[in-house]
Amino acid sequence: MTLKTALVGAMLAAAAAPAFGQFRHYTLDAPEPRPLPRTVVILPPDVIVREVSAGGIAEKVPEWTDQASVALTAAAKSYAGSQKHYLLVEMPGTTQDERDELEEYSATLYALAISAVFLSNYRGTEWNERRRQFDLSMGEGLAFLREKSGADAALFIIGQDTITTPGRRALAVFGAALGAPVQMGLSVVVGVLVDLKTGDLLWTNHITSRVRDLKDDRGALTMIRGIFGSYPSARKW
Amino acid sequence: MAPRIFAACAIPIIAAVMSAAHAQDHTALPAHSVPPFASRPSASDLHAEENRIWSESDDIDRRLRRQRLIHEDTDVAAYLQEMIETLYPEFGAALRVKVIDDPDLNAFALPNGAIYVTLGMLARLENESQLATVLAHEGAHFTHRHGYQHQLGAKSRSAVVITTGVLLAPLMGVANAASLASMYGFSRDMEREADRVGFERIARYGFDVEQSARVFSLLSDEAKLTKADRPVMFASHPHLTERVGNFQALIALHPRSSAPRTLTDRFETLMRPLRVLWLERALSRVRYASVIHVLTREDADARFPGHAGYFLGEAYRMRGDAGDAKRAIESYVRASLASPRFAESFRALGVMRMKAGERAAAKHAFERYLFLAPTSIHAAFVKHYIQQMEDAQ
């Protein structure tokens, strides 16, 4: 490979990067129509933004995490409100124990969404079988939220974003030129709707993007729009 | 010839790319020039990158709490906090000690000053000076900012590895191995520093320095007898025997205090219930070898209540090696004599006697159990066993 070829390769790789920015969806819900909630409480997003160094070490960046949390909350409220899928209910005050409980639910739901993606992509049959009998439930532990908010369902939004440093981006260009790919940043947002009376999962969608930035208002709104693109009332059954 | 030309070209390219990638990201101090904290740090004392690992540490604290992994005992918590503040008075509550409800031997410090000690570690310690040794060591990791240094070192080494990997893909295995060896060595250096700083603290605040070497001897013995390669806490630490030697060298240089704080009533009062709790947890986690090792030590009777023999019997029974059934019965008998009001020993003894065909002895043990625990959830089963034996006669 000549130096010229390598440089052309690097430029092409850099130019092609936005093409990878299109969303990948992993929607899971019942194959048959079911009643959708009329009132929904949106929980504070469980989000973390990390920076990945040239060598691939990921570190949480607290200020970016806070920005992403604010941006995703605003985006979820504004988009859901404008689409009239359901009536938004304000998040009620909660105790420390209740917040801990909600964080545990969030972690479980994220693990569920990730394993669903894995099973859908790499294993095939298991998740298809699960979709045919879509009966996942979180149990009755969220009853306190129904009592406090009066909402029919809760929307969990879980986000993870990795942002690469300039050093890593420079390395990626060289890597692309030499045929050695370097993993770049990825934004992931998972939305899960849970029935607060039964604990049943009503719908979940998981999207990824290589170019959106969750700490940015526009990026957060685009990701939220992408999530709701598969919401049952936004589709024809 | 070709490899030489390749190497001649690759080395300057690696150097150039590494330097470019590093220059882009280089915002922090080099790891070796991070000064220790002199006192409780304020937010402004932290470098931006250090603030990140503190935030991650806060997340770990939250996760441990919300997963209910913290042993909540306000008296124990107050005692451990008092101890760390005695050892590091200038840091006040910046160092916070918590107990993890886990039977294995472990202790660790997070970069944000949270120190976690497992139930298993506390159960093994014999006195306050040994506890001080463990806490002083972990406190030194915080005061000397080892978490931050480790992160800086890891970033720097990983940048070298990945740059080399991108440009010299065929040699990636070598580069990885070199990086791992380097990370391992770095960690060992920090452990040695924490040992030295911790030792200075326990000496300064009147604890028995002899006990510092004793802690590592105890842990080393258990690691050998339980066939564990080494306890979890020391997975990346210098070898235990090497550390015992290091502490002995430090002790030799240090004049012994005339009246060191070694064993206090408060330590014993608080640790005794924890040791029994550890026995329950260790059995439920199949740590039979550890239970047998600890309960067959010469000092076990002094450190554990009489009914601890029941747990020893359970460990033998569940391990099931040759001769363990006999050892289990002997242990239950000893427990029933030492703590005649502890019902479980009699139930376990009854079951073992019944299996051995010793019906009269089994019935006697079961009847004693029903007398002591008439409303227990096992009572119906025990009555059924008695009925079965009577029917068989």
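**Figure 1. The interface of chain B and chain A buries about 2400 Å².** Carbon and sulfur atoms give 54% of that area. The model is predicted. On one side, 25 residues of chain B take part; they are in contact with 29 residues of chain A. Seven salt bridges are counted between chain B and chain A. Nine residue pairs are in polar contact across this interface, both residues at pLDDT 80 or more. Helix H1 (2-25), H2 and helix H6 (146-167) of chain B each supply at least two residues of the side that touches chain A. The largest share, ten residues, comes from H2(B). By class, this side of chain B has eight nonpolar, seven polar and ten charged residues.

**Figure 2. B:Arg66 meets chain A through its side chain.** B:Arg66 lies in helix H2 of chain B. Its side chain forms a salt bridge with that of A:Glu103, at 2.7 Å from N to O. The side chain of B:Arg66 also makes a polar contact with the side chain of A:Glu104, at 2.5 Å. Is B:Arg66 buried or exposed? B:Arg66 counts as buried, because its relative accessibility is 12% and the cut-off for buried is under 20%. Leaving aside neighbours within four places in sequence, B:Arg66 is in contact with A:Asp100, A:Glu103, A:Glu104 and A:Ala107.

**Figure 3. A second close-up across the interface shows A:Glu59 and B:Arg52 in a salt bridge.** The N to O distance is 3.1 Å. The pair crosses between chains: A:Glu59 sits in strand S5 (residues 58-60) of chain A, and B:Arg52 in helix H2 of chain B. A:Glu59 is buried, with a relative accessible area of 2%. B:Arg52 counts as buried too, at 11% relative accessibility.

**Figure 4. Salt bridges that share partners form one network.** Side chains of opposite charge can pair when their charged atoms come close. Which residues does the network join? From chain A come A:Lys60, A:Glu103 and A:Glu104. From chain B come B:Asp59, B:Arg62 and B:Arg66. Over all chains, the count of salt bridges comes to 37.

**Figure 5. Strand S3 (residues 39-42) of chain A is covered on both faces.** In a regular strand the side chains alternate between the two faces of the sheet. On one side of S3(A) lie A:Thr39 and A:Val41, and on the other A:Val40 and A:Ile42; all are buried. S3(A) runs parallel to strand S6 (residues 87-89) of chain A, with three bridges joining the two. There, A:Thr39 has A:Leu87 as its bridge partner. Three bridges also join S3(A) to strand S7 (residues 153-164) of chain A, again in parallel. A:Val41 stands opposite A:Ala154 in S7(A).

For context, chain A has seven helices and nine strands. Of its 237 residues, 48% are buried. Among contacts in chain A between residues at least 6 apart in sequence, 77% join residues at least 24 apart.

**Figure 6. Helix H11 (288-295) of chain B is mostly covered.** How many of its eight residues are buried? Seven are. They are B:Tyr288, B:Ser290, B:Val291, B:Ile292, B:His293, B:Val294 and B:Leu295. These buried residues pack against several helices of chain B: helix H4 (119-124), helix H8 (210-225), H10, helix H12 (300-303) and helix H13 (308-319).

**Figure 7. A salt bridge joins B:Asp104 and B:Arg285.** Their side chains meet at 3.6 Å, N to O. B:Asp104 lies in the loop between strand S1 (96-100) and strand S2 (107-109) of chain B, and B:Arg285 in the loop between H10 and H11, so the pair ties together parts 181 residues apart in sequence. B:Asp104 is buried, with a relative accessible area of 18%. B:Arg285, at 34% relative accessibility, counts as partly exposed.

**Figure 8. Two loop residues of chain B have a positive phi without being glycine.** For B:Arg68, phi is about 55°. B:Arg68 lies in the loop between helix H2 (48-66) and helix H3 (74-87) of chain B. For B:Val286, phi is about 60°. The loop that holds B:Val286 runs between helix H10 (265-284) and helix H11 (288-295). B:Val286 is exposed, with a relative accessible area of 52%.

Key: Residues numbered from 1 in each chain as written. Chains lettered and ligands numbered in written order. Predicted model: local features only at pLDDT ≥ 70, side-chain atom pairs only at ≥ 80, totals over all residues. Heavy atoms only, no water. Helix = DSSP H or I, 4+ residues; strand = E, 2+ residues; numbered from the N terminus. Buried < 20%, exposed > 50% of the residue type's maximum accessible area, 1.4 Å probe, protein only. Contact = heavy atoms within 4.5 Å. Buried area = accessible area lost by both parts, 1.4 Å probe. Salt bridge = Lys/Arg side-chain N within 4 Å of Asp/Glu carboxyl O. Polar contact = N/O pair within 3.5 Å; in protein donor to acceptor, adjacent residues only side chain to side chain. Nonpolar A, V, L, I, M, F, W, Y, C, P; charged D, E, K, R; others polar. Pairing = 2+ DSSP bridges.
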